[in-house]
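Let's take a friendly walk through this structure, one charged pair at a time. Please have the sequence and the model open as you read.

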Amino acid sequence: MAELKIAVMGASGRMGRALVRAVCEADGAIVSGGTEQAGSAALGADLGTLAGLEPLGVALSADAASVIAGADAILDFTAPGATAAFARLAAQHGVAHIIGTTGFRAEDEAAITEAAQRSVIVKAGNMSLGVNLLTALTAKVAAALDIDFDIEIVEMHHRHKVDAPSGTALMLAEAAAKGRGVSLEDKGVRVRDGHTGARQPGDIGMQSLRGGSVVGDHSVIFAGNGERVILSHHAEDRSIFARGAVKAALWARDKEPGIYSMIDVLGL
């Protein structure tokens, strides 16, 4: 089987460079292109050199349409508006779209859902094996423990992260809600400030911390009377997300159009 041609969107950023390295390390995949915003000082640079590797003979481009048209799959950890635009382009060419972007608005989600009618989309708040295992465990524990166990999710990321709660925290909260058989929209609590009154039974709380260079820490706390169960994951390197994204791209190769998750990719 021919090697899968993978393009990296936002390839000059920290995550983009990690994605380029992960594609180069993977069997059965090659870097076919990479994009960055118009005006970036890195445009024209070799993607391998940007990623700290030997030159690949592939230059960073601002022409997303041509880069996507020349790929079998794209890896996208950019920004909500950009991801929605890339989804439309990927759908036009039947290119698989692996989405690690978070912080979507309703209109962005609608664009992605529409694109999934014509292309394979793997979308996840987190693409690491450990976090997706944590997500599966969270749903099971939430189902096993009754409402006397309060659920709180605490996440911490580096000072540059722009959205809160993190996509992973929301993914974990959705898993907890699913386990409890409730709607996160009804039971999710993102902010507590001032005289809030007592905690309501069944609430699923989310707290966000920002500081330093933290790649990503997530804990799901089940707090009962006299005991707590805490499920945690600590990311130490962005490469875990990059490797998961490449795995998703390879998995998506023969799938029908639609929206899939890393739970599907990993068979969890």
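A good place to begin is with Lys161 and Asp163, both of which are buried. This is a predicted model, and in it the side chains of Lys161 and Asp163 come together in a salt bridge, with 3.1 Å from N to O. Side chains of opposite charge can pair when their charged atoms come close.

How many salt bridges does a search of the whole structure find? The count is nine. Some of them join up: Asp150, Glu152, Arg192 and Arg199 form a linked network of salt bridges.

Let's follow Arg199 through that network. Its salt bridge with Asp150 has the closest N and O atoms 3.3 Å apart. Because Asp150 sits in strand β7 (residues 150-157) and Arg199 in the loop between β8 (188-189) and β9 (204-210), this pair ties together parts that are 49 residues apart in sequence. Arg199 also forms a salt bridge with Glu152, where the closest N and O atoms are 2.8 Å apart. Glu152 lies in strand β7 too, so this pair ties the strand to the loop between β8 and β9, across 47 residues in sequence.

Now look at how open these residues are. Asp150 is partly exposed, at 27% relative accessible area, and Arg199 is partly exposed at 28%. Glu152, by contrast, is buried, because its relative accessible area of 16% falls under the 20% cut-off.

Our last stop is His233, in strand β11 (residues 227-235). His233 counts as buried, with 14% relative accessibility. Beyond its neighbours within four places in sequence, its contacts include Ser128, Leu134, Asp217 and Ile240.

Definitions and conventions. Residues numbered from 1 in each chain as written. Predicted model: local features only at pLDDT ≥ 70, side-chain atom pairs only at ≥ 80, totals over all residues. Heavy atoms only, no water. Helix = DSSP H or I, 4+ residues; strand = E, 2+ residues; numbered from the N terminus. Buried < 20%, exposed > 50% of the residue type's maximum accessible area, 1.4 Å probe, protein only. Contact = heavy atoms within 4.5 Å. Salt bridge = Lys/Arg side-chain N within 4 Å of Asp/Glu carboxyl O.
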